[in-house]
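Student: I have a structure to look at and don't know where to start. Can you walk me through it?

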Amino acid sequence: MRLLVMTHSYAPEHTPPQRRWTQFIRYFSSLGWDVDVITPVAHEPHGRRTLDRRLAGRAFRRDIGSSGEQILRVPYLRHPVTRWGRLADHCFSAAASVVAGTISRRPDVVVVTVPSLPLLAAGYLVSRLRRAPLVVDMRDAWPDIARDARIVRGAGRGLTERVVSGCQARAALVVTVTYGFAEILRNRGLRNVETVTNGIDTTVRRLLPPPPADREHLNVLYLGNHGESQRLELMIHAAALARDYVHLTMVGHGVERRHLIALAQRLEVPVTFHEPVQGPEVSEFYLDADTCVVSLREDWKSFDATIPSKTYEVLAVGRHITAVVRGEARRVIEESGAGDVVDPDPEAIAALWKELHADRTRLATGASGRDWLHSHADLDGLSQTYSHLLRALTPHGGAA
């Protein structure tokens with residue numbers, strides 16, 4: 001089995017697609033599969049290369065990944081961290097990925113990760129040129145999010161939706177990370193849809209001891225993307241209302257970060273901002289946290305069928321979750337018993353934090369989140385399911 005994976009982000013970057021596909025590729029390699037990865041030179045999250053060339057890679061040069069996969073890097077476009085800057089970068093790298101796809105080893109299956117819409121089109125072209133079945137790995141609810149976010153307007157909106165829907169319809173398989181979005185696609189007439197949720201390797205995320213039984217402030221942590229999707233200004237306003245008993249820490253990067261810093265300064269809110277972290281530093285932030293924020297804006301209907309990937313990480317470490325979510329993400333929080341779901345309103349959020357500060361026993365969620373992961377998001381089981389789906393697309397029809 002030879003697999004070609006096209007993704008807009010991969011190791012050594014630390015992003016949701018990197019985490020998802022590093023885990024799957026590790027399993028596929030253990031089966032003896034040959035895996036090729038086409039991805040840009042590492043440049044997230046700042047829009048420019050910040051790592052040494054030996055780590056970030058060089059354009060059109062092959063490297064060997066941690067599981068023996070061959071990684072072919074393509075050029076990127078240095079850009080500001082804005083919506084349009086990232087779109088231009090994705091278009092540039094997608095075009096280069098088509099070239100890379102034609103010079104790679106001929107694959108049995110081509111997998112392209114979305115939400116990079118330009119890369120979706122590139123993956124479709126490569127699959128046609130190499131005469132290999134296409135698998136579209138839908139990590140988000142596209143084109144629905146594009147419609148909600150008004151990323152493209154006017155005639156371009158209809159064209160974008162037709163391109164995305166057309167690629168989904170022509171793919172041999174569409175894989176979603178939530179059951180809700182799979183059902184939405186089936187209701188639109190697609191039959192080539194399966195679900196392989198996100199998961200996490202709990203062996204690399206230790207269960208943390210509960211927060212201290214007594215503390216002057218409630219330490220609230222948000223660790224992740226600072227984008228439009230999260231509507232994090234709600235947390236700033238809530239922290240302003242709860243300034244006497246809450247300290248908010250925000251770790252990460254994104255198009256809204258400067259706006260959030262300016263808002264916190266204007267409101268004189270006790271918020272500490274940190275650049276993105278990885279490895280042991282992540283654990284240190286979780287260890288110091290009393291509750292962790294998982295948030296998606298409520299006015300985008302597509303988020304009914306979206307689960308923030310960070311949810312699984314917080315469940316694994318055993319921290320209480322302040323969840324401003326709905327739909328499938330809300331169901332996960334409620335089933336796991338690992339946190340509280342609160343309305344997207346600063347006063348409601350501040351009221352929850354006041355309750356948690358007054359009764360810190362509610363912060364001790366124990367292993368409930370981790371137990372839920374073992375039952376619903378076991379990484380080996382998910383990898384095995386994905387491997388069966390991919391094998392079924394080849395002439396040997398799923399034979400080992």
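Tutor: We will go through some backbone details, one helix pair and the cavities. This is a predicted model, in which local features need pLDDT of at least 70 and side-chain atom pairs count only at pLDDT 80 or more, while totals for chains, interfaces and linings use all residues. Residues are numbered from 1 along each chain as its sequence is written, and side-chain values use heavy atoms, with hydrogens and water left out.

Student: Ok, backbone. Which peptide bond is cis?

Tutor: The one from A11 to P12, with omega near 15°. P12 sits in the loop between β1 (2–6) and α1 (16–30). Helices (H or I, at least four residues) and strands (E, at least two) are DSSP runs, numbered from the N terminus.

Student: And what is the phi of R131?

Tutor: Near 55°, which is positive in a residue other than glycine. R131 belongs to the loop between α4 (117–129) and β6 (134–138).

Student: Is R131 buried or exposed?

Tutor: Exposed, at 71% relative accessibility. Buried means under 20% relative accessible area, exposed over 50%, and partly exposed in between (1.4 Å probe, protein chains only).

Student: What about R231, what's its phi?

Tutor: About 50°, again positive although R231 is not a glycine. R231 is in the loop between β9 (218–223) and α8 (233–241), and with a relative accessible area of 22% it is partly exposed.

Student: Switching to helices. At what angle do α3 and α4 pack?

Tutor: About 10°, with the axes of α3 (residues 83–103) and α4 8 Å apart. Axes are lines fitted to C-alpha atoms, for helices over the stretch in contact, and angles run from 0 to 180 degrees between N-to-C directions. That makes α3 roughly parallel to α4, a term for angles under 35 degrees.

Student: What kinds of residues make that contact of α3 with α4?

Tutor: Ten nonpolar, four polar and no charged. Nonpolar covers Ala, Val, Leu, Ile, Met, Phe, Trp, Tyr, Cys and Pro; charged covers Asp, Glu, Lys and Arg; the others, Gly among them, are polar.

Student: Last thing: how many cavities of 30 Å³ or more are there?

Tutor: Four, from a search of the whole structure. On a 1 Å grid over the protein atoms alone, a cavity is a set of points where a 1.4 Å probe fits but cannot get out, and lining residues have an atom within 4 Å of a point. The largest cavity has about 70 Å³ of space, a volume being the space filled by probe spheres set on the points.

Student: Where does the largest share of its lining come from?

Tutor: From α3, with five residues. The residues lining the largest cavity include H8, E44, D89 and H90.

Terms used: Parallel < 35°, antiparallel > 145°, perpendicular 65-115°, else oblique. 1 Å grid on protein atoms, 1.4 Å probe; cavity = no way out; pocket = protein on both sides within 12 Å on 5 of 7 lines; lining within 4 Å.
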